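Q: Could you help me learn to read the features of a protein model, one at a time?

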Amino acid sequence: MQRSALVLCALLVAGASAEVFFKETFDATWESRWHKSTWKQSDGTAGEFKLSAGKWYGDAEADKGIQTGPDSKFFSTYAEIPKAVDNKDKDLVLQFSVKHEQDIDCGGGYIKLVPASSKDQMAGFGGDTPYSIMFGPDICGFSTKKVHVIFTYKGKNHLIKKDIKAESDTLTHVYTLVVKPDNTYKVYIDLKEVAAGSLFEDWDMLPPKTIKDPKAKKPEDWDEREKIPDPEDKKPEGWDDIPATIPDPEAKKPEDWDDEEDGTWEAPTIPNPEYKGEWHAKMIDNPAYKGIWVAPDIDNPEYEHDDQLYHYKDSKYVGFELWQVKAGSIFDNILVADSYEEAEKFANDTWGKTKDAEKKMHDEIKEEEKKKAEEAAKSSESAKEDGAAADDEDDEYDEDKKVESKDEL
């Protein structure tokens, strides 16, 4: 009983100390907080974000988010975090939801966390604007359905080496990234853990600790031949006396062949069935074989350990910078915090309360669409049959008229 009380107390203290740096649920005032980027505006390829709950939802108001449109455009918008986030010695949690109700064929659905150092570039926030973290789904055709987790380290963007599968249906899904001060991470989809590991192992942010010695040389007596010819094997006598081809014994000199005019007739040659090819000694295991030589490992002089890979000291903006062929994705319920428990609670209080009703409405709409499609198909088939019957009647009428004409003649 005492242990349970201590655990509960610890949880309450953790919850009380959790800090939420940014929270967005999108309502009618969203445009006062979010800024439309000038990126791609001049060439006419910039799309728009509008407030919408979409075609299916659990709550018409609560499920409103910002939706991309029209098709085949670039989309970019961002909001400022009131206080720059410094996750020194604490967790960094980034969470949002996305619904690809358009059944996305090719396009991004990820969010970016952007440092304060990019302030001067935020008016034109786009693909080249430096960011700290890029996280979320990217879908294109059947081959690409992955979750990006990209960290910027010393000015270079590093992609995760794991393959994390993204959700690709037309319902709302919640994506959560947790980065911890022990340089580990976790990725959740719909509050279920789908990936976890080490920042050192799952990204190549640091050079390898060891490298192959570039000065090492393979010893001259190093033998890499696994098999060698048997030195005791001898070529059979007469092996080289067997010709590769012989005159065709079944060939006959043509009756009209004239030796004086055509020259001496010679039968055409054919492959000699007795010929065994060039002789080679049989192969045996090489007693001197040492394997394939590999240079020894040495400490990499360029390696420098950094236990601050997890640390982003000035995250100041969140934003979406996307390209979509088929637009219509709805983004909602964004959270930047230092506690997964806070993110879990936020997800349960938003997506968790409406997801079942959204699924029910989705299924009803899809079922109605299916029925209408089936009815349209039946109607089309019936029209074709009626048309075919009418054509047959016309043909019979034409034949009758021909008969009547002949009778009159």
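**Reading the model step by step**

A: Gladly! Let us begin with one side-chain pair: the side chain of Gln67 makes a polar contact with the side chain of Glu101, at 3.4 Å. Keep in mind throughout that this is a predicted model.

Q: Where does Gln67 lie, and is Gln67 buried or exposed?
A: Gln67 lies in strand E4, which covers residues 65–69. To judge burial, look at the relative accessible area, where under 20% means buried. Gln67 has 9% relative accessibility, so it counts as buried.

Q: Which residues does Gln67 touch, not counting residues up to four places away in sequence?
A: Gln67 touches Glu48, Phe49, Lys50, Ser52, Glu101, Gly328, Ser329 and Ile330. Glu101 is also the partner in the polar contact we began with.

Q: How do I read a buried residue in a loop?
A: Use Thr129, in the loop between strand E8 (111–115) and E9. At 4% relative accessibility, Thr129 counts as buried. A polar atom of the Thr129 side chain lies 2.9 Å from the backbone nitrogen of Gly126. Leaving aside neighbours within four places in sequence, Thr129 is in contact with Ser118, Gln121, Met122 and Gly124.

Q: And what does an exposed loop residue look like?
A: Try Lys276, in the loop between strand E18 (269–271) and strand E19 (283–285). Lys276 has a relative accessible area of 60%, so it is exposed. You can also use Lys276 to practise with distances: Lys276 and Pro82 are 194 residues apart in sequence and 86 Å apart in space, C-alpha to C-alpha.

Q: How many disulfides does a search of the whole structure find?
A: The search finds one. This disulfide joins Cys106 to Cys140, with 2.0 Å from S to S. Cys106 lies in strand E7 (residues 106–108) and Cys140 in strand E9 (residues 133–140), so the pair ties together parts that are 34 residues apart in sequence.

Q: Why is the disulfide of Cys106 and Cys140 called left-handed?
A: Look at the torsion about the S-S bond: for Cys106 and Cys140 the value is about -90 degrees, so the disulfide is left-handed. As for accessibility, Cys140 counts as partly exposed, at 30%.

Q: How do I read backbone angles?
A: Here is the general idea: most residues other than glycine have a negative phi, and most peptide bonds are trans. Now for some cases that go the other way. The peptide bond from Gly69 to Pro70 is cis, with omega near -5 degrees, and Pro70 is found in the loop between E4 and E5.

Q: Which residues can I look at for a positive phi?
A: One is Lys40, whose phi is near 70 degrees. Lys40 sits in the loop between E2 and E3 and is partly exposed, with a relative accessible area of 26%. Another is Asp89, with a positive phi of about 65 degrees although it is not a glycine. Asp89 lies in the loop between E5 and E6 and is exposed, with a relative accessible area of 58%.

Q: How do people find empty space in a model?
A: Rolling a probe the size of a water molecule over the atoms shows where empty space is left. In this model the count comes to one cavity of 30 Å³ or more, and about 130 Å³ of space lies in the largest cavity. Of the 13 residues that line the largest cavity, the closest to its centre are Asp63, Ser97, Thr172, Asp332 and Glu358.

Q: Which element gives the most to the lining of the largest cavity?
A: Helix H5 does, with four residues. The elements that give two or more residues are strand E6 (92–99), strand E22 (330–337) and helix H5 (351–408). By class, the lining has four nonpolar, four polar and five charged residues.

Q: What about the pockets?
A: The largest pocket has a volume of about 310 Å³. Its lining has 15 residues, of which Thr152, Lys154, His311, Tyr312 and Lys313 lie nearest its centre. They divide into five nonpolar, six polar and four charged.

Q: What is the volume of the second largest pocket?
A: The volume is about 160 Å³. The second largest pocket is lined by 16 residues, of which Lys36, Glu48, Phe49, Ser76 and Thr77 lie nearest its centre. The largest share of the lining, four residues, comes from E5.

Terms used:
Residues are numbered from 1 along each chain as its sequence is written. This is a predicted model: local features need pLDDT of at least 70, side-chain atom pairs count only at pLDDT 80 or more; totals for chains, interfaces and linings use all residues. Side-chain values use heavy atoms; hydrogens and water are left out. A disulfide is a pair of cysteine sulfur atoms within 2.5 Å. Buried means under 20% relative accessible area, exposed over 50%, partly exposed in between (1.4 Å probe, protein chains only). On a 1 Å grid over the protein atoms alone, a cavity is a set of points where a 1.4 Å probe fits but cannot get out, and a pocket is an open set with protein on both sides within 12 Å along at least five of seven lines; lining residues have an atom within 4 Å of a point. Grid points are joined across faces, edges and corners, and a volume is the space filled by probe spheres set on the points. Ala, Val, Leu, Ile, Met, Phe, Trp, Tyr, Cys and Pro count as nonpolar, Asp, Glu, Lys and Arg as charged, and the others, Gly among them, as polar. A polar contact is a pair of N or O atoms within 3.5 Å; within protein, one must be able to donate a hydrogen and the other to accept it, and residues adjacent in sequence count only if both atoms are side-chain atoms. Contact means heavy atoms within 4.5 Å.
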